[in-house]
Amino acid sequence: MTDKHLSTQPYKGVRDFYPDDMAIQQYLFDVWAQTAESFGYERVEASVLEPAALYKAKGAENEEMVNEQTYTFTDRGKREVTLRPEMTPTVARMIAGRRQELSFPVRWYSIPNLFRYERAQRGRLREHWQLNCDIFGATDFTADVELIALAHQIFLNFGADESMFEILINNRHTMRQAYELLGITDEATVTAITRLNDRKDKIEAATYEAELTKIVQDQKLATEITAMIESDDPGDNQVVAGLKELGITNVRIDRSLARGFDYYTGTIFEVKDTHPDNRRSLLGGGRYDNLTALFGGEPISGIGFGFGDVTMRDFLETHNLLTANITSPVLAILPMDRTLNLEGQKLAQNFRAAGLSVATDISERKVGKKISTAAEALIEYVLVLGSDEITASSYTVKNLTTGEEMSGTVEELISQLTAS
Ligand code: HAM
């Protein structure tokens, strides 16, 4: 019989969000949204379904992603459909669709769920949510500064300080010039090197050298490229200088930073956790000049980043920044027995109308047990409801942390609770 039962486990590499996890998730989304809005970004959303062509178009493609990581299927009308693996092509499509009406620069953010057929491991799942913040139609370097300052502010708003994370910056355009100086001008070769660099941290130094030699067909040149990439000389970078002006100092140039997408053309950046247990990339982004051109018309330059919920939560847990209980109701109403349950609901409505969050305990538990259950759920106040209270229209609310009590009519209690 048992093997006929369906598993209670979710699909491989995706998560169920039971209340504890959902409370954290909501907290992440709230801080993300508030921070993006504090920088003047407007929220957008789209469907998870996109035509598969969006990710295969020249200029948007990312070989590994399209060939190995997308969830693609044919619908009943024989259309090829992909569950979005990232938000950037979708946002570029939406910008291009309204290019006449929008007044640029446009600042948009979204918190989409994305699907990638990844080998599940720490920090990498098959469905994740990702804060996306992008500016379109601004080519000035201060747009790059603003986006990175926004990413930086998100960390601060979660209670982190600069010692906990590090911002790495590189520039695809500058890298192209550096390759040119070494005699590499061929587009395909530059792309191949960039893709290899994106895997550099994950492979042995010898493997890296061997693969690089294979790409450039020249051992000496491969050594020169490696030396250039690993050199400490930061050179001039106005984005880094601009960030310093804003008081942001945990920034450095890293020439080995590559980013996985072919569409980036200018500044690219990632934020890494500095904690030895979680040395990983937490967010990534960059400037892309040509994505909107896929939809016709003059290209509109974009720059932005994506910040995943999985890496965000790992970061907060690693640095002990997830301590608060985030969504308990303020007050629990505890009817003495089941005949008073409906009175309890009525009373709760009055408190809720005043903006307080209220739960009622309609279980068969004894009152003492109801109080300890409320305390375990970190609810601040309890109100024990008996028929005497109802007759007198006077109730007593107890603070479970301090033990203090206050009594009075609903109105009196509301004014005390909302004042505290
Ligand atoms: P990405 O580097 O592929 O960039 O992803 C950005 C962030 O999303 C990563 O740093 C990580 O936090 C999270 N992430 C990515 N894949 C997974 C996964 N399988 N599981 C959990 N988290 C993941 C992009 O997607 C670009 N479209 C970002 C961007 C926006 N560039 C410009 N604007």
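## Strands, cores and salt bridges: a short briefing

Strand E8 (residues 165-171) and strand E10 (residues 267-273) run antiparallel to each other and pair over seven bridges. Welcome to a predicted model, in which a search of the whole structure also turns up 23 salt bridges. Its largest nonpolar core has 47 residues, and another core, of 18 residues, lies apart from it. The points below take these topics one by one.

**Strand E8 and its partners**

- Leu168 of E8 is a handy place to look at the pairing with E10, since it stands opposite Glu270 there.
- E8 also pairs with strand E9 (residues 251-253), this time in the parallel sense and over three bridges.
- In that parallel pairing, Ile167 has Val251 of E9 opposite to it.
- How many of the residues of E8 are buried? Seven of its seven residues are, so the strand is mostly covered, with buried meaning under 20% relative accessible area.
- Phe165, Ile167, Ile169 and Asn171 point one way from the strand, while Glu166, Leu168 and Asn170 point the other way, and all are buried.

**The nonpolar cores**

- Within the 47-residue core, the members that touch the most others are Phe305, Phe307 and Phe315.
- Helix H5 (residues 141-157) gives this core its largest share, nine residues.
- Phe307 is worth a closer look: leaving aside neighbours within four places in sequence, its contacts include Trp32, Trp129, Leu131, Ile154, Phe155 and Met312.
- Gln130, Leu282 and Leu283 are also among the residues in contact with Phe307.
- The separate core of 18 residues has Trp108, Tyr264, Ile268 and Tyr288 among its members.

**Salt bridges between distant parts of the chain**

- As general background, side chains of opposite charge can pair when their charged atoms come close.
- Asp21 and Arg313 form a salt bridge, and their closest N and O atoms are 2.9 Å apart.
- This pair links helix H1 (residues 19-38), which holds Asp21, to helix H11 (residues 309-318), which holds Arg313, across 292 residues of the chain.
- Both partners are partly exposed: the relative accessible area is 25% for Asp21 and 22% for Arg313.
- Asp314, also in helix H11, is 192 residues from Arg122, which sits in the loop between strand E6 (113-115) and strand E7 (127-136).
- The side chains of Asp314 and Arg122 meet in a salt bridge at 4.0 Å, N to O.
- Is Asp314 buried or exposed? Asp314 counts as buried because its 12% relative accessibility falls under the 20% cut-off.
- Arg122, its partner, counts as partly exposed at 43% relative accessibility.

**A salt bridge within one helix, and a network**

- Lys220 and Glu224 both belong to helix H9 (residues 219-230), where they are four residues apart, about one turn of the helix.
- Their side chains meet in a salt bridge, with an N to O distance of 3.5 Å.
- Lys220 counts as exposed at 61% relative accessibility, whereas Glu224 is partly exposed, with a relative accessible area of 33%.
- Which residues are joined into one network by salt bridges that share partners? They are Asp21, Arg313 and Glu317.

Notes: Residues numbered from 1 in each chain as written. Predicted model: local features only at pLDDT ≥ 70, side-chain atom pairs only at ≥ 80, totals over all residues. Heavy atoms only, no water. Helix = DSSP H or I, 4+ residues; strand = E, 2+ residues; numbered from the N terminus. Buried < 20%, exposed > 50% of the residue type's maximum accessible area, 1.4 Å probe, protein only. Pairing = 2+ DSSP bridges. Core = buried A, V, L, I, M, F, W, Y, C linked by side-chain atoms within 4.5 Å. Contact = heavy atoms within 4.5 Å.
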